Every structure is written in C-alpha cells, then in structure tokens.
Amino acid sequence: MNRVSRTFSAALGLALAAGLAALPTSAVAAPAQGYTPSATATATATAYAGSAAEDADNQAFFEAVMKSARAKQAANPYLLAVTVTYDASSAPSFAGVIAQSAQIWNSSVTNVQLRSGSAADFRYYEGNDSRGSYASTDGHGRGYIFLDYAQNRQYNSTRVTAHETGHVLGLPDHYSGPCSELMSGGGPGTSCTNPYPNSTERSRVNSLWR
C-alpha cells in the first residue's frame, strides 16, 4: 500500500489483468493522495507529511472538480450549494459504500453536495493495487478515485472511501492526526473505523466551496 508516483500504464496493466474497466486514458502520469503513508518514505505514519508535488497535484484535481461543478451551477444560479456529480459505475463492488460516503459528506457540509449521475465531475474505479486506494490526478486537474480490494478488507471501507472523497473536496492527507480526523487515513491503524470528518475538516470544506 505504498503511496508513490505512478504511471497510467502500470495502473492500466493492473486493471486489465483483473478484467476490470480501464482507468482514464488522460491519466498519463498519476501522482496520488493515498490512504496510507509510503513505507519507503518512512517507517512510521506520524513522520510522513507528503510532498509539495503531491499537494500541487491534489490541488489541481480539486480545482478542476470545482471548475466543472461551478460551470454546471451557472445554469442554476439560485442553488444554495454547489453540486458535485460522481460516477460510480466502474466500481460496482463499492456502490453502497460510495453512496454512504456521499451521504456522510452531504450531512457534514452545506456549501457542496455530492450526487450520483451522468456528466460526472469525477469517477470511482476499483481493482487490485499493492499501493492501496488513492485519489489520483494526471497533473492537469483531471482525476479519479481508485479503491483497492485488499485495503478495503483490511481497513474500514467507508472510512477509506470517505477519506479519498475528501481529497476531491480539497482536503490533503494528514497521517499524523488522530482517528477522529478523517484525513489521517490509515495513520491511526486498522482499528480506526471513523468515517466522519471532524469540525475542522468540515469547516475547511465549507470555506473552500463558499
């Protein structure tokens, strides 16, 4: 479950080997925000804080999702919240968990709401990857969420999915945080099952999408 820079060709090979839908062809190179810290970067979760490049890629993904969502909102200027649309059709095994994750975020924040539908602002995929689950971007703002089978058996699947969705809404990883902090991801260990963002995370997302 290492969190490393990855190429699309590697991800595509894994997906095809598993007989799954291919990942987006736009993802030529995919630095990612993962659920667990990189084992090669540090021996402990508390010491790993990510990198400037990963932060920049995550910010580009978030800004692209926001731009797409706000462009559609322009047709309905009286809506009180921005609606971000996701497509979970390429992650059928996680359909229920993805819906639950969306419900958690929708009940936690007011300025942005997640909806399943066509003309999606981002997509979910599933498969096998030893690096685990991640929110990934090609460095140009386009991206997707990948959910790894093994990791979602080892860790609480709803927390994993809600965590990765948090990246789409603009939140970075913070592995040194406590279990009560959603974006601490796998840092607190497999016993942590909390799928809810804390007050600081909720406030941050509302501020970003104001």
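Two residues are in contact when heavy atoms of theirs lie within 4.5 Å, and among the contacts of the protein chain that join residues at least 6 apart in sequence, 67% join residues at least 24 apart. The structure in the viewer is a predicted model, and the tour below moves from the whole chain to single residues.

**The whole chain**

Begin with the protein chain coloured by secondary structure, where six helices and six strands can be found, running from the N terminus in the order α-β-α-β-α-β-β-β-β-α-α-α. If you then switch to a surface representation, the chain exposes about 9,000 Å², of which carbon and sulfur atoms supply 54%. Of its 210 residues, 51% count as buried.

**The largest nonpolar core**

Select Trp-105, Phe-122, Tyr-124 and Trp-209 next, since these are the residues that touch the most other members of the largest nonpolar core, a set of 34 residues. The elements that give two or more residues to this core are α2 (52-73), β2 (82-90), α3 (95-108), β3 (112-116), β4, β6 (143-148) and α5 (157-168). Helix α2 provides the largest share, with five residues.

Stay with Trp-105 and display its surroundings, leaving aside the neighbours within four places in sequence: the residues in contact with Trp-105 are then Leu-114, Ala-162, Thr-165, Gly-166, Leu-169, Leu-171, Leu-182, Pro-197 and Val-205. Val-205, one of these contacts, leads on to the next stop, for Val-205 belongs to helix α6.

**Helix α6**

Select residues 199-208, which form helix α6, and mark Glu-201, Val-205 and Asn-206, the residues listed there as buried. These residues lie on the same side of α6, because the arc they cover around the axis is only 135°. Adding α3 and β3 to the display shows what the buried residues of α6 pack against.

Which residue caps the N-terminal end of α6? The cap is Asn-198, with a side-chain oxygen that lies 3.1 Å from the backbone nitrogen of Thr-200.

**The loop between α5 and α6**

Move back along the chain to Met-183, which lies in the loop between α5 and α6. Met-183 has a relative accessible area of 1% and is therefore counted as buried, the limit being under 20%. Not counting residues up to four places away in sequence, Met-183 touches His-163, Gly-166, His-167, Leu-171, Pro-172, Asp-173, His-174, Tyr-175 and Glu-201. Among these, Glu-201 has already been marked as a buried residue of α6. For a distance label, join the C-alpha atoms of Met-183 and Pro-195, which are twelve residues apart in sequence and 9.6 Å apart in space.

Now select the cysteines Cys-179 and Cys-192, which a disulfide joins with an S to S distance of 2.1 Å; a search of the whole structure finds one disulfide. Both Cys-179 and Cys-192 are placed in the loop between α5 and α6, 13 residues apart. The torsion about the S-S bond of Cys-179 and Cys-192 is about 90°, and the disulfide is therefore right-handed. How buried or exposed are the two partners, Cys-179 and Cys-192? Cys-179 counts as partly exposed, at 27% relative accessibility, whereas Cys-192 counts as buried, at 3%.

**The loop between β4 and β5**

Turn next to Asp-129, in the loop between β4 and β5, and add Arg-131, found in the loop that runs between β4 (122-127) and β5 (134-137). The side chains of Asp-129 and Arg-131 are joined by a polar contact of 2.8 Å. Asp-129 is buried, with a relative accessible area of 4%, and Arg-131 also counts as buried, at 16% relative accessibility. A further label can be drawn from Asp-129 to Leu-147, 18 residues apart along the chain, whose C-alpha atoms are separated by 8.7 Å.

**A last stop at Ala-119**

Finish by selecting Ala-119, which has its place in the loop between β3 and β4. What is the sign of phi in this residue other than glycine, Ala-119? The value is positive, with phi near 50°. Ala-119 is also exposed, with a relative accessible area of 55%.

Terms used: Residues numbered from 1 in each chain as written. Predicted model: local features only at pLDDT ≥ 70, side-chain atom pairs only at ≥ 80, totals over all residues. Heavy atoms only, no water. Helix = DSSP H or I, 4+ residues; strand = E, 2+ residues; numbered from the N terminus. Buried < 20%, exposed > 50% of the residue type's maximum accessible area, 1.4 Å probe, protein only. Core = buried A, V, L, I, M, F, W, Y, C linked by side-chain atoms within 4.5 Å. Areas by Shrake-Rupley, 256 points an atom, 1.4 Å probe, with all protein chains shown as cover. Arc of directions from axis to C-beta. Polar contact = N/O pair within 3.5 Å; in protein donor to acceptor, adjacent residues only side chain to side chain. Disulfide = S-S within 2.5 Å.
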